[in-house]
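Here are some friendly notes to read with the model open beside you. Take the points one at a time and find each residue as you go.

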Amino acid sequence: MPLAQMRVRAVSGRTTTDVRLLVPHAMQGGMERDSENRVVAAHFVQRVSIKLNGRLLVDSEIGPGVSRNPVFTFRLAGGAKGDKVEVSWRDNKGESQTVEAIVS
Amino acid sequence: MKSARRTLLQSGLGVLTLGLFKPIAAWASWNSAAFEATSMAEALRELGVVTAKHTSLIRIDVPEVVEHGALVPVEIMSDLDGTKALSLLINRNPAPFVARFQFMTGAVPFVRLNVRMAESSWLHVIAEADGKHYVATRQVTINPGITCDELFD
């Protein structure tokens with residue numbers, strides 16, 4: 001199944017920049033069963049990181065306790081219009097995605 | 001020159017090395033023991049939290065009552081100086097440890113996310129600041145239902 005593209009928005013406020021991201025992902029914890037009672041294999045995002053102009057600012061470890069199609073908002077001190085934000089995620093099967101956004 | 005590049009590309013070696021080595025270098029470890037822990041005590045031990053002081057400087061914004069445990073909006077923020085990380089745990093979930101966020105200089109110790117809750121529970125946020133742990137908690141009730149009395153009021 002091809003992965004849908006992660007969506008990223010970075011909006012600067014007076015002193016901070018909010019980075020909002022949506023990762024289209026099933027976040028299967030490996031505890032559920034399908035309609036034929038087969039265990040659905042664990043498949044979930046494990047890491048999300050944020051870079052501002054190439055510098056790592058936020059790194060995270062996450063588990064299946066996070067809801068399906070995770071939405072996160074992070075806050076960066078500073079960040080001006082035109083700065084480059086880079087968001088990456090990686091899941092337990094080694095799939096990953098990196099998306100760039102320009103601060104607006 | 002050109003033929004050498006072709007051969008390399010065709011052998012798939014370039015793609016293979018990128019695919020194999022880049023993720024290992026780019027991503028640090030993931031605390032599987034903490035995520036697999038089935039009790040709060042075990043999760044805290046795996047996270048290296050021995051003692052945590054209660055504080056009002058960690059702010060947790062979460063609804064007191066929610067209809068559905070599948071999508072509970074949570075906003076956490078720390079006003080403690082030098083907060084390096086925030087961890088989120090839900091003690092009545094089958095796996096209490098939800099996430100740990102690490103904030104470098106230049107990031108505000110703030111995050112908003114949606115979490116799953118198996119049942120009504122306490123939600124704990126642990127902050128790491130100058131080598132110490134701090135904690136704040138909130139109670140969340142899942143779908144309390146509606147009684148007949150309430151319906152006819």
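1. Let us begin with Asn53(A), which sits in the loop between E3 and strand E4 (55–62) of chain A. Keep in mind as you look that this is a predicted model. Phi of Asn53(A) is near 50°, and that is a positive value in a residue other than glycine. Is Asn53(A) buried, exposed or partly exposed? Its relative accessibility is 47%, so Asn53(A) counts as partly exposed, given that this class runs between the 20% and 50% cut-offs.

2. Now turn to Met27(A), in the loop between E2 and E3 of chain A. Here too a residue other than glycine has a positive phi, near 50°. The surroundings are worth checking: the relative accessible area of Met27(A) is 0%, so this residue is buried.

3. The loop between strand E2 (16–22) and strand E3 (45–52) of chain A also holds His25(A). With a relative accessible area of 3%, His25(A) is buried. What does the side chain of His25(A) reach at 3.3 Å? The partner is the backbone nitrogen of Met27(A).

4. Please look at what surrounds His25(A) as well. Leaving aside neighbours within four places in sequence, His25(A) is in contact with His43(A), Phe44(A) and Val45(A), with Arg68(A), Asn69(A) and Pro70(A), and with Trp89(A) and Asp91(A).

5. Strand E1 (residues 7–12) of chain A is a nice one for practice, as its side chains alternate. Which of them point to the buried face? Val8(A), Ala10(A) and Ser12(A) do, whereas Arg7(A), Arg9(A) and Val11(A) point to the other face and are not buried.

6. Next, follow the chain out of E1(A): a hairpin of 3 residues joins this strand to E2(A). The two strands, E1(A) and E2(A), pair in the antiparallel sense over 6 bridges. To see the pairing for yourself, find Ala10(A), one of the buried residues of E1, and look across to Val19(A) in E2(A), which stands opposite.

7. Last, a word on empty space. Rolling a probe the size of a water molecule over the atoms shows where such space is left. The largest pocket holds about 410 Å³. How many residues line the largest pocket? There are 17, and those nearest its centre are Gly29(A), Met31(A), Pro64(A), Gly65(A) and Pro94(B). Sorted by class, the lining has 11 nonpolar, 3 polar and 3 charged residues.

Key
Residues numbered from 1 in each chain as written. Chains lettered and ligands numbered in written order. Predicted model: local features only at pLDDT ≥ 70, side-chain atom pairs only at ≥ 80, totals over all residues. Heavy atoms only, no water. Helix = DSSP H or I, 4+ residues; strand = E, 2+ residues; numbered from the N terminus. Buried < 20%, exposed > 50% of the residue type's maximum accessible area, 1.4 Å probe, protein only. Polar contact = N/O pair within 3.5 Å; in protein donor to acceptor, adjacent residues only side chain to side chain. Contact = heavy atoms within 4.5 Å. Pairing = 2+ DSSP bridges. 1 Å grid on protein atoms, 1.4 Å probe; cavity = no way out; pocket = protein on both sides within 12 Å on 5 of 7 lines; lining within 4 Å. Points joined across faces, edges and corners; volume = space filled by probe spheres on them. Nonpolar A, V, L, I, M, F, W, Y, C, P; charged D, E, K, R; others polar.
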